[in-house]
Amino acid sequence: MFKLNTLVPELSVSDINKSLNFYLNILSFKLDYQRSEDKFAMLSLNDCQIMIEEINGYWQTAELTYPFGRGINFQITVSDINEIYKSLRMYEYPIKIEIQENWYRADNKLKGQKEFLIMDPDGYLLRFVQTLGERENEGFSFIGN
């Protein structure tokens, strides 16, 4: 049974077909449902969900210029980050920040993740993450970004 997350970002896109190709074929998202007449699609990858809809003026709060979504990045947790990274390389898709391991302080623990960043066709910043677990903060006040 389909379960809608309690927070699902909806991205306005310039070309629904270009975005569908990117999310479905390159990143391996699943098409949950689609309203072709509205140029809308609901997509998921593991427990992550996004909606995409071609710009129609209804949701627009200001003029959209590339890159869309300035000031936000969407963290997408996956079980095998290398699979997505290889697909992007195979399609010669540009990588904004190459794959790396980072540890971030959360109170007195460090939470690790392997991650890389790309921009989707409209410039939304996507951060793919594979969790590496957590460990004690051994006196470091700042690790990672």
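In this predicted model, Ala41 stands opposite Ile52, a residue of strand β4. Strand β3, which covers residues 40-45, is joined to β4 by six bridges, and the two strands run antiparallel. Strands of a sheet can pair either parallel or antiparallel, in both cases through backbone hydrogen bonds. Both β3 and β4 belong to an open sheet of four strands, arranged in the order β1-β4-β3-β2 and with mixed pairing. At the edges of this sheet lie β1 and β2 (30-35), each of which pairs on one side only. On average, and with direction ignored, neighbouring strands here are turned by 25° against each other. Helix α1, formed by residues 16-26, packs on the sheet and touches β1, β2, β3 and β4, while its direction makes about 160° with that of β4.

The segment before β1 is the place of Pro9. This residue counts as partly exposed because its relative accessibility is 24%, a value that falls between the 20% under which a residue is buried and the 50% over which it is exposed. Leaving aside residues up to four places away in sequence, Pro9 touches Gln49, Ile50, Met51 and Phe74. Pro9 and Phe74 are 65 residues apart along the chain, yet their C-alpha atoms are separated by 9.0 Å.

A further open sheet of four strands has the order β5-β8-β7-β6, again with mixed pairing. Its edge strands are β5 (73-77) and β6 (97-106), and each of them pairs on one side only. The average turn between neighbouring strands of this sheet, direction ignored, is 35°. Within the sheet, strand β7 (residues 109-119) and strand β8 (residues 125-136) run antiparallel and are joined by 11 bridges; Lys114, for instance, has Gln130 in β8 as its bridge partner. Helix α2 (residues 81-90) packs on this sheet, where it touches β6, β7 and β8, and its direction makes about 20° with that of β7.

The enclosed spaces of the model can be considered next. Two cavities of 30 Å³ or more are counted, and the largest cavity has a volume of about 60 Å³. Its lining includes Glu10, Leu11 and Ser12, together with Glu53, Glu54 and Trp59, among others. Strands β1 (10-13) and β4 (48-54) each supply at least two residues of this lining, and β1 gives the most, with three residues. By class, the lining of the largest cavity divides into four nonpolar, four polar and three charged residues.

The second largest cavity has a volume of about 30 Å³ and is lined by Leu11, Tyr23, Ile50, Phe74, Ile76 and Leu126. Its lining has six nonpolar residues, with no polar and no charged ones. Two of the residues named here, Ile50 and Phe74, are also among those that Pro9 touches.

There remains the largest pocket, whose volume is about 200 Å³. Of the 13 residues that line this pocket, Ser12, Thr61, Leu64, Gly69 and Tyr124 are the closest to its centre. Strand β1 gives the most to the lining of the largest pocket, with three residues, just as β1 gives the most to the lining of the largest cavity. Seven nonpolar, four polar and two charged residues make up the lining of the largest pocket.

Definitions and conventions
Residues are numbered from 1 along each chain as its sequence is written. This is a predicted model: local features need pLDDT of at least 70, side-chain atom pairs count only at pLDDT 80 or more; totals for chains, interfaces and linings use all residues. Side-chain values use heavy atoms; hydrogens and water are left out. Two strands pair if DSSP finds at least two bridges between them. Axes are lines fitted to C-alpha atoms, for helices over the stretch in contact, and angles run from 0 to 180 degrees between N-to-C directions. Contact means heavy atoms within 4.5 Å. On a 1 Å grid over the protein atoms alone, a cavity is a set of points where a 1.4 Å probe fits but cannot get out, and a pocket is an open set with protein on both sides within 12 Å along at least five of seven lines; lining residues have an atom within 4 Å of a point. Grid points are joined across faces, edges and corners, and a volume is the space filled by probe spheres set on the points. Ala, Val, Leu, Ile, Met, Phe, Trp, Tyr, Cys and Pro count as nonpolar, Asp, Glu, Lys and Arg as charged, and the others, Gly among them, as polar. Buried means under 20% relative accessible area, exposed over 50%, partly exposed in between (1.4 Å probe, protein chains only).
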